[in-house]
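User: Got a model here I'd like to go through with you. Can we take a few questions on its helices and its sheet?

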Amino acid sequence: MTLTPKPGVLEIEPYVGGRASVSGVAAPVKLSSNEGALGPSPKALEAYEEAARSVSIYPEGSAAILREAIAEMHGLDAARVVCGNGSDELLTMLANAYLRPGDEVLFSEHAFLVYRIATLANSAVPVSVPEKNRRVDVDAMLAHTTPKTRMVYLANPNNPTGTYLSRDEVMRLHAGLAPDTLLVLDAAYAEYVGRNDYEPGLEMTVRFANVVMTRTFSKVYGLAGLRIGWAYCPAPVADALNRIRGPFNVSLPAQRAGAAALGDHDHVRRSVEHNERWRAWLTEAIRAAGLAVDDSVCNFILIRFPHRTGKTAEEADRFLCERGLILRGVANYGLPDCLRLTVGPEDANRKVAAALGEFMAQK
Ligand SMILES: *Cc1c(COP(=O)(O)O)cnc(C)c1O
């Protein structure tokens with residue numbers, strides 16, 4: 001008899017975050033993990049520092065101050081908000097609460113990798129559904145449902161493609177699911193999406209008993225290091241998550257900083273404006289260099305490189321790294337010809353565009 005993890009666990013490829021360093025470069029420019037370009041609100045930092053005085057006491061376990069701030073801002077019922085140590089924790093807790101061995105879990109071909117990990121960790125079966133031109137295909141998703149489909153994860157918009165589904169398309173996906181299939185709408189980039197046919201999922205979580213929406217403070221709020229996410233759930237789902245969640249899963253500084261960040265509307269507005277301006281600028285500059293870039297609604301863009309020796313994504317990655325510019329290779333997302341670039345501060349954006357121009361122009 002030997003000690004073995006439950007079925008599925010050893011099929012997991014451990015998640016590797018975006019690189020943060022390059023050997024030989026003192027201060028590299030990190031554009032590999034979609035952190036907000038402007039960083040956190042000064043109000044959030046102040047609250048964080050203030051909370052340092054109280055770290056000897058346990059936080060209030062349900063993250064009430066944060067749930068109430070979220071509920072007030074979005075016009076929600078605080079009792080149905082569940083906070084997590086990043087939205088990753090919530091995406092995982094949903095799988096822990098609802099998946100039985102052998103259940104099928106649907107997500108799209110280039111979806112966020114956490115879905116596969118959470119599925120396999122629960123001995124469930126990941127079902128990866130082909131996308132069409134790096135965009136989720138609702139018909140294909142529906143065609144892959146079976147009586148065993150227990151959960152559907154949809155990152156909307158999706159990372160690393162940067163594409164999104166309209167409100168109507170998400171409704172159509174939901175309409176084709178059985179009532180005992182949970183639709184998880186991961187709206188990590190919702191704040192950046194400036195399209196009027198987009199809806200992050202709040203509407204649906206209010207109307208339907210089998211839809212959950214997750215959100216994060218890691219992107220537009222610039223608090224990735226504090227690990228804060230939240231889910232808006234039907235009441236029975238919130239109840240299930242609250243039973244399995246760690247009793248103090250969101251730290252005191254995280255609760256306080258998150259609540260303060262929500263109050264700084266100006267900072268969020270500036271962050272979104274900065275993103276719109278530089279996402280458009282980068283898209284145009286990189287297309288002008290001769291590379292393909294899909295339209296993105298997020299704070300990153302996906303750059304597609306040619307197959308030609310000398311111009312591949314891998315060679316570009318090396319070229320940029322030597323210049324201290326760290327992007328994200330996405331071969332593990334089924335996109336070996338692409339690099340993902342986070343919209344950064346002005347200076348970083350200009351450096352990357354210039355370096356890519358140089359890379360494409362060299363013989
Ligand atoms: C960044 C990201 C998250 C957020 O993860 P946190 O755990 O909240 O930092 C969730 N989903 C997607 C698709 C992401 O890209």
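User: Which glycine follows helix 11, and what is its phi near?

Analyst: Helix 11 covers residues 313-322, with helices being DSSP runs of H or I, at least four residues, and strands E runs of at least two, numbered from the N terminus. This is a predicted model, where local features need pLDDT of at least 70, side-chain atom pairs count only at pLDDT 80 or more, and totals for chains, interfaces and linings use all residues. Residues are numbered from 1 along each chain as its sequence is written, and side-chain values use heavy atoms, leaving out hydrogens and water. After helix 11 comes glycine 324, with a positive phi near 80°.

User: Why are the buried residues of helix 2 on the same side?

Analyst: In helix 2 (residues 64-74), the buried ones (under 20% relative accessible area, 1.4 Å probe, protein chains only) are Ala64, Leu66, Arg67, Ile70 and Ala71. They share a side of helix 2 because the arc they cover around the axis, taken from the directions to the C-beta atoms, is only 165°.

User: What do the buried residues of helix 2 pack against?

Analyst: Contact here means heavy atoms within 4.5 Å. The partners are strand 2 (81-84), strand 8 (229-232) and helix 9 (252-263).

User: Which are the edge strands of the open sheet?

Analyst: Seven strands line up in the order 2-8-7-6-5-3-4, with mixed pairing; a pair needs at least two DSSP bridges. Pairing on one side only marks the edges, strand 2 and strand 4 (125-129).

User: In which sense do strand 2 and strand 8 pair, and over how many bridges?

Analyst: One bridge joins glycine 84 to glycine 229 in strand 8. The two strands run antiparallel, and the pairing spans four bridges.

Conventions: Buried < 20%, exposed > 50% of the residue type's maximum accessible area, 1.4 Å probe, protein only.
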